[in-house]
Amino acid sequence: MTLRFPIADHSAALAFGGNRLDRMSERREDEPFIAGIRGDPAGRAYLFAKDLLVTKGDGGAFAFTRPEAEALGVDWQAAVFLGLDAEGPLFAAAIAAPAEDAGFALTNLRPLAISGAVDEERLGQLAQASSILGWHARHGFCANCGTATTVAQAGMRRDCPNCGTNHFPRTDPVVIMLAVDGERCLLGRQTRFVEGVYSCLAGFMEPGETIEAAVRREIWEEAGIRTDRVAYFASQPWPFPSNLMIGCFAEATSFDVDPRDKELEDVRWFDRADILPMLERTHTNFATPPKMAIAHHLLRAYAIHGAPVADDAALGTAATTAGALA
């Protein structure tokens, strides 16, 4: 059998998806190596005050040198080692919010990504930094016995000195999917959305679920629509605080919208011909999320190429009906 691979890595083109740092996972318990990394004069750090990125006043630079970071109260020996890029080691550290007149600014990653002013590689690094610092801030105690934990593996693990449990950073998987029925697709909106904006349906995966099962369940719960075949498209790190959005297409097998969980304000079918104007914000009544969101790219792929077609014979598999799994 000839294996067929995607011709493009869609995920790398998404906001927060372009991180190419060498994370050096295999060397994180090598204490001399980590000591050398921390002593490298080329070391830089991303600084966060709670969930907000700290930037410099002189043009909004993101990375701080060790002296600059230490001047803001960073314990360099405790900074989380993110990895290596072409310039040297990168770290992340949490600080107290600097004074308003200190020449720094606080920036939320969401509008930073929407603006398109930061390249995808940098955005990916910032997502990694934000997520790992958020995990440390929220997981300082052992979930097994309640004892305060200590940092290990240069910031990529926390250990309990009492019961010996190792705690690792968590990422919560979320399926986000476009159900399609030929020349139309299923979209919904939450009450918090800007008026007229519709997006793909989405929801957290549950324990014991495959991605495909979660896709089918969420569409059924949010829209009352049954689906069959599921095709993976791309994934996107989502550092709010630390999710992984798993983008898929799903083939609809029932068509009358009848939401079961009432989570959404509205769910409806949209003609494929309407999607490009919605993406470009030229539609009279409706719009979609901005380009930084994976939903935008799922919709653009559908608008341009139509629904994906699974070649089950070539893959040596058979499609499983949703009815057998629901």
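**Note on the predicted model**

1. Start with the fold. The protein chain has nine helices and 15 strands. The model is a predicted one.

2. Next, the overall dimensions. Measured out along the principal axes, the box that holds the C-alpha atoms is roughly 60 × 45 × 40 Å. The protein chain has 326 residues, and 46% of them are buried.

3. Then the contacts. Take those between residues at least 6 apart in sequence: 65% of them join residues at least 24 apart.

4. On to the surface. About 16,600 Å² of the protein chain is exposed. Carbon and sulfur atoms account for 53% of that area.

5. Charges come next. The protein chain carries 30 positive and 43 negative charges. The mean positions of the two sets lie 1 Å apart.

6. Now look at the second largest pocket. Its volume is about 840 Å³. Several elements give two or more residues to its lining. The helices are α3 (109-115) and α7 (294-305). The strands are β10 (172-181), β11 (184-189), β12 (201-204), β13 (227-238) and β14 (243-252).

7. Which residues lie nearest the centre of the second largest pocket? They are Gln190, Arg192, Phe193, Ser199 and Trp238, out of 33 lining residues.

8. Which element gives the largest share of that lining? Strand β12 does, with four residues. To find the pocket in the structure, begin with β12 (201-204) and the five central residues, Trp238 among them.

Methods:
Residues numbered from 1 in each chain as written. Predicted model: local features only at pLDDT ≥ 70, side-chain atom pairs only at ≥ 80, totals over all residues. Heavy atoms only, no water. Buried < 20%, exposed > 50% of the residue type's maximum accessible area, 1.4 Å probe, protein only. Contact = heavy atoms within 4.5 Å. Areas by Shrake-Rupley, 256 points an atom, 1.4 Å probe, with all protein chains shown as cover. Lys, Arg positive; Asp, Glu negative; His and termini not counted. Charge placed at Lys NZ, Arg CZ, Asp CG, Glu CD. 1 Å grid on protein atoms, 1.4 Å probe; cavity = no way out; pocket = protein on both sides within 12 Å on 5 of 7 lines; lining within 4 Å. Points joined across faces, edges and corners; volume = space filled by probe spheres on them.
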